[in-house]
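Grab a pencil and take a slow look at the chain below. A few exercises follow, each with its solution worked out step by step.

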Amino acid sequence: MKTFLSAILLLFLTLSLCSQGPPITVETPVMLGMEGSGIRTFGKFISKENVNIYIQPIGIPYNITPRFQVGLLFPFKFITPKGSETSGGIGDVTIFTKYQLYKKDGKTKKHLGF
């Protein structure tokens, strides 16, 4: 349990909060934002009959060019069987790529304000 709490504390201490929304028309694809790199994460808690599982994937995407992105996913898993201690660690690391083949943006449209 101490390892689990340490990992969660470390995660929250290293993340900064910011929000963003996609622009209506852009010169580059809306693949990542955050000036070409960043860290993305979320948590998932699963409770079954005999076990509780917490998964915290951490994604690190990076834009090589405006049309090409690479990244890594590090899933941290913490498994607690009923009546036993929590065990956990890093799962299967995933490397991914994205390439934009086609893009069509619409121009900003004027709406009547009521």
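The exercises go from the whole chain down to single side chains, and the model they use is a predicted one.

**Exercise 1. Get the overall layout, and find where the confidence is lowest and highest.**

Step 1: Count the elements. The protein chain has one helix and six strands.

Step 2: Put them in order. Starting at the N terminus, you read α-β-β-β-β-β-β.

Step 3: Check the confidence. The mean pLDDT is 76, with 65% of the residues at 70 or more. Helix 1 (residues 2–14) is where confidence is lowest, with a mean of 71, while strand 2 is where it is highest, at 92.

Step 4: Keep a rule of thumb in mind. Low pLDDT is a signal not to read predicted coordinates in detail.

**Exercise 2. Work out which strands pair with strand 3, and how they are joined.**

Step 1: Begin with strand 1 (residues 40–41). Two bridges link strand 1 to strand 3, and the two run antiparallel. One residue to look up is R40, whose bridge partner in strand 3 is G59.

Step 2: Move on to strand 2 (residues 44–47). Here four bridges connect strand 2 with strand 3, again in an antiparallel arrangement. S47 has N52 as its bridge partner in strand 3, and I46 sits opposite I53 of strand 3. The link between strand 2 and strand 3 is a hairpin that passes through three residues.

Step 3: Now try strand 4. Strand 3 and strand 4 share 14 bridges and run antiparallel. V51 is matched with P81 of strand 4. These two strands also make a hairpin, with two residues between them.

Step 4: Put it together. Strand 3 pairs with strand 1, strand 2 and strand 4.

**Exercise 3. Decide whether Q69 and Q56 are buried or exposed, and find what their side chains touch.**

Step 1: Place Q69. You'll find Q69 in strand 4 (residues 68–81).

Step 2: Apply the cut-off. Buried means under 20% relative accessible area, so Q69, at 2%, counts as buried.

Step 3: Look for a polar partner. The side chain of Q69 has a polar contact of 3.0 Å with the side chain of N63.

Step 4: Do the same for Q56, which belongs to strand 3 (residues 51–65). Its relative accessible area is 6%, so Q56 is buried too.

Step 5: List the partners of the Q56 side chain. One is the backbone oxygen of F42, reached at 3.0 Å. Another is the side chain of Y54, in a polar contact of 2.4 Å.

**Exercise 4. Find the aromatic pair and say which parts of the chain it ties together.**

Step 1: Count. There is one aromatic pair.

Step 2: Identify it. F68 and Y99 form the pair, with 6.4 Å from centre to centre and 55° between the planes, which makes it tilted.

Step 3: Locate the two partners. F68 is in strand 4 and Y99 is in strand 6 (residues 94–99), so the pair ties together parts that lie 31 residues apart in sequence.

Step 4: Check how open F68 is. Its relative accessibility is 28%, so F68 counts as partly exposed.

**Exercise 5. Follow T97 and V70, and find out how far apart they are along the chain and in space.**

Step 1: Place both residues. T97 is part of strand 6, and V70 is part of strand 4.

Step 2: Take the two distances. T97 and V70 are 27 residues apart in sequence, yet 4.3 Å apart from C-alpha to C-alpha.

Step 3: List the contacts, skipping neighbours within four places in sequence. T97 touches F68, Q69 and V70. V70 touches I60, P61, Y62, I64, F96 and T97.

Step 4: Compare with the cut-offs. Exposed means over 50%, so T97, at 51%, is exposed. V70 has 25% relative accessibility, so V70 is partly exposed.

**Exercise 6. Step back and describe the chain in a few figures.**

Step 1: Take burial. Of the 114 residues, 19% are buried.

Step 2: Take the surface. The accessible surface comes to about 9,200 Å², and 61% of that belongs to carbon and sulfur atoms.

Step 3: Take the contacts. Among contacts with a separation of 6 or more, 44% are between residues 24 or more positions apart.

Notes. Residues numbered from 1 in each chain as written. Predicted model: local features only at pLDDT ≥ 70, side-chain atom pairs only at ≥ 80, totals over all residues. Heavy atoms only, no water. Buried < 20%, exposed > 50% of the residue type's maximum accessible area, 1.4 Å probe, protein only. Polar contact = N/O pair within 3.5 Å; in protein donor to acceptor, adjacent residues only side chain to side chain. Phe/Tyr/Trp six-rings, centres within 6.5 Å; stacked < 30°, edge-to-face > 60°. Contact = heavy atoms within 4.5 Å. Pairing = 2+ DSSP bridges. Areas by Shrake-Rupley, 256 points an atom, 1.4 Å probe, with all protein chains shown as cover. pLDDT = per-residue confidence, 0-100.
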